[in-house]
Amino acid sequence: MKSIEDINQKISRGEAAVLTAAELKRRIAEGEHLTVSDVDVVTTATFGIMSGTLALLHIHVSEPGTFHHAEKAWLNGVPAIPGPCPNERIGVVDLVVFGTSRANPSYGGGHLFRDLVEGKKVELVIEAAGIEISRKVTLSELGLARMVTTRSAFMNYQAFINRSQSTVKTIFSVQGISGPYREVTVSGCGDINPLQNDPQGRVIGVGSRVLLNGGMGYIMGQGTRSSREHPNLAAFADMKEMVPDMMGGFVTADGPECITSLGVAIPVIDNTILDSIRISNAGIPLPIADIEDRTAFTSSHYGEVWDHTDLVITYSPEACLQCEPCQAAAICPTRAIIPGEKIDPLRCVHCGTCIRECIGDAFYGDLGTITVDGTPVPITCRQSSREHALRICDHLKALVTEGKFHLMGKCGNLW
Ligand code: SF4
Ligand code: SF4
């Protein structure tokens with residue numbers, strides 16, 4: 001056995017053996033016998049739509065005495081909730097902004113959060129006793145900007161299918177899920193998800209240090225709808241430390257949603273935790289639910305989603321027909337397509353929507369199929385990006401290896 005303090009001392013000396021979850025699983029699959037003395041830290045991550053995300057912002061509005069207290073507020077048109085402190089007559093406002101709040105059908109809280117983290121000016125408008133005050137603000141001016149997640153890193157989240165004849169508009173698809181049994185949409189990064197590698201919460205718990213959207217943060221405990229069978233995490237971090245391309249907005253068939261990422265460094269303290277990290281995609285159940293009632297009626301496994309499929313969607317400008325307007329660009333949920341030129345790698349989340357929407361054959365990526373009741377059904381939309389989660393695992397590995405990220409042992413259990 002090793003203690004977290006032992007591992008932190010090795011990190012300080014630059015001697016810690018750090019592997020990403022994907023590296024460790026690959027070496028095991030190749031037949032290597034790894035023991036607790038061979039590895040100290042394994043980095044895990046997830047990246048995708050996480051509706052349960054909010055920001056707590058403290059903003060200077062005007063001189064003291066200018067207004068009594070804010071009753072309503074918007075940031076770039078996204079509705080915000082003033083309070084809980086009334087901040088009476090002091091010219092400031094505390095705001096809670098949900099990642100799922102919407103300014104319009106294609107811009108919501110997730111887009112706003114990324115715009116702030118990119119350093120863009122955003123427009124604040126408040127209403128107070130009939131007075132309207134507006135001003136431009138940037139993240140660096142805010143007294144406090146803290147992101148809180150209420151449901152991150154869900155373990156084996158459901159895939160969705162439509163068994164009816166009609167197309168269902170839902171946040172679990174970009175174009176709507178057509179039926180019956182014509183397509184399936186998926187979420188979750190499989191065997192590199194933090195909780196998938198510590199499903200009992202042996203080392204991940206209240207107080208564990210994490211990377212939330214690239215910023216140093218901490219686990220608060222379980223999130224909403226978390227259970228022993230399908231656990232998830234609640235976390236917080238300072239938005240001023242976050243990285244734009246590790247977060248953002250995503251426009252679904254039912255409006256804007258919020259992309260959030262979470263990276264967790266797992267200390268390999270004993271054989272039990274090393275054994276749990278051996279889990280592979282094919283060993284992780286993938287419940288499949290009907291989108292109408294959200295109740296799982298069958299299951300597959302994550303091997304069908306992430307093994308032998310293309311993690312990255314590619315674009316061939318020479319195959320582009322230059323149609324006007326470009327339907328793929330119009331529907332891309334992250335507005336990542338520059339028609340005739342390229343996909344913006346810092347915006348694309350490799351969901352695969354453009355493959356089906358493109359009139360030509362300009363986009364390519366094998367998303368695979370999921371066997372539902374014995375029949376292979378094509379995956380048409382991935383709402384998590386394993387490619388970006390792998391990138392976060394690499395980033396976190398580099399931070400730990402360079403001594404810039406030390407582990408914080410849990411101070412309380414998830415359950
Ligand atoms: S839909 Fe496809 S072929 Fe048409 S402009 Fe867009 S990328 Fe090119
Ligand atoms: S895969 Fe296509 S539709 Fe999805 S984000 Fe990337 S460019 Fe946009």
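**Exercises on a predicted model**

The buried residues of helix α9 are R386, H388, A389, L390, I392, C393, H395, L396, K397 and V400. A residue is buried if 20 or more other C-beta atoms, placed from the backbone, lie within 10 Å of its own, exposed if 12 or fewer do, and partly exposed in between. Helices (H or I, at least four residues) and strands (E, at least two) are DSSP runs, numbered from the N terminus.

The model is predicted: local features need pLDDT of at least 70 and side-chain atom pairs count only at pLDDT 80 or more, while totals for chains, interfaces and linings use all residues. Residues are numbered from 1 along each chain as its sequence is written, and chains are lettered from A and ligands numbered from 1 in the order in which they are written.

**Exercise 1.** Test the span of helix α9 (residues 386-401) against a rise of 1.5 Å a residue.

*Solution.* The expected span is 1.5 Å times one less than the number of residues. For the 16 residues of α9 this gives 22 Å, and the end C-alpha atoms are 22 Å apart, so the two values agree. Just after α9, G403 takes a positive phi of about 75 degrees.

**Exercise 2.** Characterise the surroundings of ligand 1 and ligand 2.

*Solution.* A residue is counted as near a ligand if its C-beta atom, placed from the backbone, lies within 6 Å of it. Ligand 1 is surrounded by 13 residues, the closest being C320, C323, C326, C358 and G360. Next, assign classes: Ala, Val, Leu, Ile, Met, Phe, Trp, Tyr, Cys and Pro are nonpolar, Asp, Glu, Lys and Arg are charged, and the others, Gly among them, are polar. The shell of ligand 1 then holds 10 nonpolar, three polar and no charged residues. Around ligand 2 there are 14 residues, with I313, C332, C348, C351 and C354 the closest. Its shell has 10 nonpolar, four polar and no charged residues.

**Exercise 3.** Describe how strands β9 (residues 122-128) and β10 (residues 131-137) are joined, and state the exposure of A129.

*Solution.* Two strands pair if DSSP finds at least two bridges between them. β9 and β10 have seven bridges and run antiparallel; V125 stands opposite S134 in β10. The two strands form a hairpin with two residues between them. In the turn, A129 has a positive phi of about 50 degrees, although A129 is not a glycine. A129 is exposed, since 9 other C-beta atoms lie within 10 Å.

**Exercise 4.** Give the backbone and exposure of N76.

*Solution.* N76 lies in the loop between β4 (72-75) and β5 (78-82). Its phi is near 50 degrees, a positive value in a residue other than glycine. N76 is partly exposed because 19 C-beta neighbours lie inside 10 Å.

**Exercise 5.** Locate the cis peptide bonds that precede P180 and P325.

*Solution.* The bond from G179 to P180 is cis, with omega near -5 degrees, and P180 is placed in the loop between β12 (159-161) and β13 (184-186). The bond from E324 to P325 is also cis, with omega near -5 degrees; P325 lies in the loop between β21 (314-315) and α7 (327-331).

**Exercise 6.** Set out the strand order of the open six-stranded sheet.

*Solution.* The order is β20-β19-β12-β13-β26-β25, with mixed pairing. The edge strands, each pairing on one side only, are β20 (296-301) and β25 (369-372). Within the sheet, β12 and β13 run antiparallel and are joined by two bridges, and F160 stands opposite T185 in β13.
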